[in-house]
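Student: I'd like to go through this structure with you, a bit at a time. Could we settle what the words mean before we get to the residues?

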Amino acid sequence: MEEVTFKIAQESKVRKKPSFIKPWLGLKYLFKKPVTIKIPYETIEPAKDYRGFHTLNWKTCIGCNMCGQICPARAIEMTWIEGEKRPHPKIDYGRCTFCQFCVEVCPTGALGFVESYMLTTEWKEEELQLFDWVPIPPEKFREIQEAHRDWKFPVERMEFNKETREVTYHLRDGTEFRFRILGYGLKPPAAKPAEKKEAEKSTEKQE
Ligand code: SF4
Ligand code: SF4
């Protein structure tokens, strides 16, 4: 194989000469309109089909975890929710890059997205819960998005009761979206001894 040689330019040849005028040239930008916006007080209308927050049709999600497997940011955790036969994805917006691979790969089209993209917090502990998102159905999210058109997250406040494991999303239209998390992972969470006994009792009664 032919050997390749590199020439390294002398520092004196690449170093720019100091200029006393150039630093002052930046002053002209003081009189130009800024290209940045003041989030969350100002917004930019996103393009149609902009890859924003996720939505989920809970009825058509089959809990296959293909979304979790393809996610390059490992932002998806399968979550078991009371009353649901299959686990559903929970998305960590601290990790998500909004690539929407998960939406593309979903075999049933249950996972979708809306254009809303703005999630700002003051980094208070209770606000950080907003980053943990079991997506709500698309109709509800679109309804809120159309009512406000400010492209903000549809949840104003989120409550998580550590004892009962109940989650309450306080939505921007004044309604609540509640569910109870039973556990995480691909396998159904093991029932606690007390719950097992209750389940056995109820099956005995039925017999
Ligand atoms: S959202 Fe789609 S890919 Fe993810 S678990 Fe549900 S059906 Fe499977
Ligand atoms: S949008 Fe991309 S990074 Fe975010 S959860 Fe889906 S696959 Fe992961």
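Tutor: Let us start with burial: a residue counts as buried when its relative accessible area is under 20%, as exposed when that area is over 50%, and as partly exposed in between. Please also keep in mind that this is a predicted model.

Student: Okay, so is Phe141 buried or exposed?

Tutor: Phe141 has a relative accessibility of 1%, so it counts as buried. Phe53 is likewise at 1% relative accessibility and therefore counts as buried.

Student: You mention Phe53 too, so how many aromatic pairs are there?

Tutor: The count comes to 16 aromatic pairs. In the pair of Phe53 and Phe141, the ring centres are 6.4 Å apart and the planes stand at 20 degrees; since planes under 30 degrees apart count as stacked, this pair is stacked.

Student: And where do those two sit in the chain?

Tutor: They come from distant parts of the chain, 88 residues apart. Phe53 belongs to the loop between helix H2 (22-25) and strand E1 (54-56), whereas Phe141 is in helix H6, which covers residues 138-148.

Student: What about Trp58 and Phe179, why is that pair edge-to-face?

Tutor: Their ring centres lie 5.7 Å apart with the planes at 70 degrees, and because an angle over 60 counts as edge-to-face, the pair is placed in that class. This pair also links distant parts of the chain, 121 residues apart, with Trp58 in the loop between E1 and helix H3 (66-70) and Phe179 in strand E8, residues 176-184. Both Trp58 and Phe179 are buried.

Student: Which residues do the ring pairs link into a cluster?

Tutor: The cluster contains Phe53, Trp58, Tyr93, Phe98, Trp133, Phe141, Phe153, Tyr169, Phe177 and Phe179, linked by ring pairs.

Student: Switching to the ligands, where does ligand 1 sit?

Tutor: Ligand 1 sits in the largest cavity, while ligand 2 sits in the second largest cavity.

Student: Which residues come nearest to ligand 1?

Tutor: There are 13 residues around ligand 1, and of these Cys61, Cys64, Cys67 and Cys106, together with Asn65, come nearest. The shell divides into 10 nonpolar and 3 polar residues, with no charged ones.

Student: What's around ligand 2, then?

Tutor: The residues around ligand 2 include the cysteines Cys71, Cys96, Cys99 and Cys102, and among the others are His54, Thr97, Phe98 and Gln100. Its shell divides into 9 nonpolar and 3 polar residues, again with no charged residue. Phe98, one of the residues around ligand 2, is also a member of the aromatic cluster.

Student: Back to Asn65 for a second: what is its phi, and where is it in the chain?

Tutor: Asn65 has a positive phi of about 65 degrees although it is not a glycine, and its place is in the loop between E1 and H3. With a relative accessible area of 13%, Asn65 is buried.

Student: And what is phi of Gln100?

Tutor: For Gln100, phi is near 65 degrees, a positive value in a residue that is not glycine. Gln100 is found in the loop between strand E3 (88-92) and helix H4 (101-105), and because its relative accessibility is 3%, it counts as buried.

Student: Which residues does a cis peptide bond join?

Tutor: A cis peptide bond joins Ile39 and Pro40, with omega at about 5 degrees. Pro40 lies in the loop between H2 and E1, the loop in which Phe53 is also placed.

Student: New topic, what does the side chain of Arg172 contact?

Tutor: The side chains of Arg172 and Asp150 are joined by a polar contact of 2.7 Å. Arg172 lies in the loop between strand E7 (166-171) and E8, and at 18% relative accessibility it counts as buried.

Student: Last one, what about strand E8: is Glu176 buried or partly exposed?

Tutor: Glu176, which has its place in strand E8, is at 42% relative accessibility and so counts as partly exposed. From C-alpha to C-alpha, Glu176 and Lys140 are 11 Å apart in space, with their positions 36 residues apart in sequence given as their separation. Ile181 is found in strand E8 as well, but at 4% relative accessibility it counts as buried. The C-alpha atoms of Ile181 and Pro87 are separated by 10.0 Å, and these residues are 94 residues apart along the chain.

Note on methods: Residues numbered from 1 in each chain as written. Chains lettered and ligands numbered in written order. Predicted model: local features only at pLDDT ≥ 70, side-chain atom pairs only at ≥ 80, totals over all residues. Heavy atoms only, no water. Phe/Tyr/Trp six-rings, centres within 6.5 Å; stacked < 30°, edge-to-face > 60°. Helix = DSSP H or I, 4+ residues; strand = E, 2+ residues; numbered from the N terminus. Buried < 20%, exposed > 50% of the residue type's maximum accessible area, 1.4 Å probe, protein only. Near = heavy atom within 4 Å. 1 Å grid on protein atoms, 1.4 Å probe; cavity = no way out; pocket = protein on both sides within 12 Å on 5 of 7 lines; lining within 4 Å. Sits in = over half its atoms within 2 Å of the grid points. Nonpolar A, V, L, I, M, F, W, Y, C, P; charged D, E, K, R; others polar. Polar contact = N/O pair within 3.5 Å; in protein donor to acceptor, adjacent residues only side chain to side chain.
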